[in-house]
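Trainee: I should be grateful for a close look at a single helix in this model. Please explain how its residues are arranged and what surrounds them.

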Amino acid sequence: MADGATPALGLSVGATNFAAVTADHAITRKPVLTLYRDRLPEIGIPAENPRLDRPGLVITNFVDRVGDPVGIVAADGTVHHSEVLAADGLRALAYAATQGRPLPPDVAVTHPAHWGPAAIDALGSALSRVSEWSNAVTLIPDAAAALFAARANPGIPARGTVAVCDFGGSGSSITLMDAAGDYQPLAPTVRHPDFSGDLIDQALLTTVLGNLPSSESFDPSGTSAIGPLNRLRTGCRNAKEQLSSSTVATLGEQLPGLPGDVRITRNELDDAIRPALTAFLALLDETLARNGIRDLVALVSVGGGAHIPAITTALSGHLRVPVVTTPRPHL
């Protein structure tokens, strides 16, 4: 995304994370925007953004509403358009990526491939009103960016159809693309909300709770369990990431009345995701058949779920084609 020594910046809009990539490093932030009266907005949560050093007006759940003509009503009664919130979040993330330095002239922004024209046009219009980006920002579907990234490293076949599968936090998507083509998909992106990182975390939590020994001092249905369960859910998310490279993960969350750490194995993760993964494979088959695809040569797997070995193994065994994953698929 850079020409010679010209600095460049890549930004990504997602329902689970915003991401920024420069030549030097990459950062992610949760799509939580904090507005201030006397300074520019900040993106993220306090645990990941040190500039969130005082209270402000916090707005969430705006990504999936980009392009909606009905604004979001904030806690103070003010109304905000989602695409403006997204553009403000991208600007804040860009400054975080450059550590406050002037933003580079070449900026590309990826958006979810399943977005419709209204959402894409709304985000593009909002970005054009950001003073730092007086020049046009390149707006690209994330599936196209993933295809080109895989083409560069580790490489894909030169011809044929490639299925780009994005396993994200809020859902998965399937985009069919020409391996030798440009940004344009061969068919509309298919969205599958029932196979997501959030639902995998919940399935792991259910597995962990089902394996806990009985204890009179810990009742998962009681109000006193809300705090421990939230921490345990976060532990399950961390364990999911650990199990990408290890066969056993320790959640490190001690529950009231239950001594010792909570452990979970990769086999338990595989069992937890198997029903949803089977449904995703069926949807992938249906998508290929509906579009008459007979020359599938590879599958590009991106998103946080691309780290999970069981997903890669299932895709490869089911389709009998190479499953290509970029070095940093979560970006």
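Mentor: The following account concerns helix α2 and then turns to some neighbouring topics. Please bear in mind that the model is predicted.

Helix α2 comprises 12 residues, from 117 to 128. From its first C-alpha to its last it reaches 16 Å, close to the 16 Å expected at 1.5 Å a residue. Its buried residues are A119, A122, L123, A126 and L127. These residues lie on the same side of α2, because they cover an arc of only 130° around the axis. The general background is that an α-helix has 3.6 residues a turn, so residues three or four places apart point the same way. On the face turned away from the buried side, α2 carries the exposed residues P117, A118 and D121.

The buried residues of α2 are covered by elements that include α1 (82–97), β9 (106–111) and β10 (138–141). Strands β9 and β10 also take part in the packing of helix α3, whose buried residues contact them together with β11, β12, β16 and β17. In α3, which spans residues 142–152, the buried residues are D142, A143, A144, A146, L147 and A150.

Aromatic contacts complete the account. The structure holds 4 aromatic pairs. One of them is edge-to-face, because the rings of F18 and F62 have their planes at 75°, with their centres 6.2 Å apart. F18 lies in strand β2 and F62 in the loop between β6 and β7, so this pair ties together parts that are 44 residues apart in sequence. F18 is buried, with a relative accessible area of 0%, and F62 is buried, likewise with 0%. Elsewhere, ring pairs link F167, F195 and F280 into a cluster.

Note on methods
Residues are numbered from 1 along each chain as its sequence is written. This is a predicted model: local features need pLDDT of at least 70, side-chain atom pairs count only at pLDDT 80 or more; totals for chains, interfaces and linings use all residues. Side-chain values use heavy atoms; hydrogens and water are left out. Helices (H or I, at least four residues) and strands (E, at least two) are DSSP runs, numbered from the N terminus. The expected span of a helix is 1.5 Å times one less than its number of residues. Buried means under 20% relative accessible area, exposed over 50%, partly exposed in between (1.4 Å probe, protein chains only). The arc is that of the directions from the helix axis to the C-beta atoms. Contact means heavy atoms within 4.5 Å. Rings of Phe, Tyr and Trp (its six-membered ring) pair if their centres lie within 6.5 Å; planes under 30 degrees apart count as stacked, over 60 as edge-to-face and the rest as tilted.
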